[in-house]
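User: Please look at the structure below. I have some questions on its cysteines, its strands and its core.

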Amino acid sequence: MTLGACSTQASLTLLSQPEGAYLTENVTGKVFGVAPVTVMYDAEVLASFKGSDGCYRVKGFEARWVSGAIASLELITLCGTSTGAYNITFSRDPKFPELERDLQFALQVQQTRAQQKQANATRRA
């Protein structure tokens, strides 16, 4: 797995509903941060994970919200090209306690990202 962007890579954007879940890779425990995040896969490396059905299998992720709610995929299946753009959304179980806490955190994440975007635009001007 590599970071960066070019036509020889596939991208997997990890989203959460609500936004703001903390994402880690299942097998390695590698931390990817707060959703949404984009993970890049080198096309040649990804090709080695191609199944007989033509789909690619990559390590799964765990999404953990501030309330402690968890959603997890042990393995992620990507069907398409080795240079495609893929999206996976982790959905929080609404029956897990403290949904309001996660919704409040999602709002904070959105506000922070909007402020960062505005600051970056101001610096470029």
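User: Is cysteine 55 buried or exposed?

Analyst: This is a predicted model, in which local features need pLDDT of at least 70 and side-chain atom pairs count only at pLDDT 80 or more, while totals for chains, interfaces and linings use all residues. Residues are numbered from 1 along each chain as its sequence is written, and side-chain values use heavy atoms, with hydrogens and water left out. Buried means under 20% relative accessible area, exposed over 50% and partly exposed in between (1.4 Å probe, protein chains only). Cysteine 55 has 8% relative accessibility, so it counts as buried.

User: Which class does cysteine 79 fall in?

Analyst: Cysteine 79 has a relative accessible area of 48%. That value makes cysteine 79 partly exposed.

User: What is the S to S distance between cysteine 55 and cysteine 79?

Analyst: A disulfide is counted when two cysteine sulfur atoms lie within 2.5 Å. The structure holds one disulfide. It joins cysteine 55 to cysteine 79, with an S to S distance of 1.9 Å.

User: How many residues apart in sequence are the parts that this pair ties together?

Analyst: Strands here are DSSP runs (E, at least two residues), numbered from the N terminus. Cysteine 55 lies in strand β5 (residues 55–64) and cysteine 79 in strand β6 (residues 70–79), so the parts tied together are 24 residues apart.

User: Which strands stand at the edges of the open sheet of three strands?

Analyst: Two strands pair if DSSP finds at least two bridges between them. The sheet has the order β4-β1-β7, with mixed pairing. A single partner strand is available to each edge strand, so one side of each is left without a neighbour in the sheet; these strands are β4 (37–42) and β7 (85–91).

User: Which residue is the bridge partner of glutamine 17 in β7?

Analyst: Strand β1 (residues 9–17) and β7 run parallel and are joined by seven bridges. In β7, the partner of glutamine 17 is serine 91.

User: Which residue takes a positive phi in the hairpin of β2 and β3?

Analyst: Strand β2 (residues 22–25) pairs with strand β3 (residues 31–34) in the antiparallel sense over three bridges. Five residues lie between the strands of this hairpin, and the one with a positive phi near 75° is glycine 29.

User: Which element gives the most to the largest nonpolar core?

Analyst: A nonpolar core is a set of buried Ala, Val, Leu, Ile, Met, Phe, Trp, Tyr and Cys residues joined through side-chain atoms within 4.5 Å. The largest has 23 residues, and Leu12 and Phe61 are among those with the most contacts inside it. With four residues, the element that gives the most is β5.
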